[in-house]
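Could you take a look at this one with me? Here it is, and my notes come right after.

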Amino acid sequence: RISAGELQFSNVIDAASPLAGEIRTILDDIHTAFTKAVSGSSGEDCMLSASAIRLLGTLLQKLPVLKGGDAVERRIQFIHSIQLYVQQNFRTNLTTEKIAADLGYNKSYFCKLFKQNLGMPFLQYVNEYRIRYAIIWYRGYPLTEIAGEIGFRDYSYFARVFKKLTGMTPHSYFKSL
């Protein structure tokens, strides 16, 4: 929607502002993940998509929208409420049913809206968030502890999801850092 011109933000941000620094950091993450993904590094496509979603979320949350209309504002509110909910609850047993109910949606309608707005199923989004969080914050921790801290009840499921998203086992990934 942004590229179609249906959603526009101010094109001026004070370079000294904390927001500019945050956006620069996210863009650096995107550039690094893109470079690694192009060179064939496994798992970087996950980091690339997570960084892109983080950038969009930051823009939607912190910059005023100049053009968009009611439908775009509802989309922004929907995405923002999901991001906030996941940030606050990712360590718990998140299910599609629970978030849909907590945000006041029917499960099937929520799934449809989520896929339309974020391009993936909700649980994939949560798992990508969890894995990205683990990679950033839990270097050096025992892997079983990491799995529990980020909301995975079962280490083997954590390891499967981690490998699917990064192309490497958690052990191999953290050892390579």
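Below are a few numbered points to help you find your way around.

1. First, a caveat: what you're looking at is a predicted model. Please read every point below with that in mind.

2. On the overall build, the chain is mostly a matter of helices by count: there are nine of them, plus two strands. Starting at the N terminus, the order is β-α-α-β-α-α-α-α-α-α-α.

3. As for packing, the chain has 177 residues, and 40% of them count as buried. If you take the contacts between residues at least 6 apart in sequence, 61% of these join residues at least 24 apart.

4. Now go to the largest pocket, with its volume of about 520 Å³. Its lining is made up of 20 residues, and A50, R54, Q87, Y129 and R132 are the closest to the centre. Four helices, α1 (18-38), α2 (44-62), α3 (70-89) and α6 (122-137), each give two or more residues to that lining.

5. What sort of residues line the largest pocket? It's a mix: nine are nonpolar, six polar and five charged.

6. The rings deserve a look too. The structure holds 21 aromatic pairs. One aromatic cluster is formed by F78, Y105, Y109, F110, F114, F122 and Y125, so try picking out those seven side chains together.

7. Last, find R130 and F152. Here the arginine lies over the face of the phenylalanine ring, 5.3 Å from the ring centre.

Notes: Residues are numbered from 1 along each chain as its sequence is written. This is a predicted model: local features need pLDDT of at least 70, side-chain atom pairs count only at pLDDT 80 or more; totals for chains, interfaces and linings use all residues. Side-chain values use heavy atoms; hydrogens and water are left out. On a 1 Å grid over the protein atoms alone, a cavity is a set of points where a 1.4 Å probe fits but cannot get out, and a pocket is an open set with protein on both sides within 12 Å along at least five of seven lines; lining residues have an atom within 4 Å of a point. Grid points are joined across faces, edges and corners, and a volume is the space filled by probe spheres set on the points. Ala, Val, Leu, Ile, Met, Phe, Trp, Tyr, Cys and Pro count as nonpolar, Asp, Glu, Lys and Arg as charged, and the others, Gly among them, as polar. Rings of Phe, Tyr and Trp (its six-membered ring) pair if their centres lie within 6.5 Å; planes under 30 degrees apart count as stacked, over 60 as edge-to-face and the rest as tilted. A charge sits over a ring if NZ of Lys or CZ of Arg is within 6 Å of the ring centre and within 35 degrees of the ring normal. Buried means under 20% relative accessible area, exposed over 50%, partly exposed in between (1.4 Å probe, protein chains only). Contact means heavy atoms within 4.5 Å.
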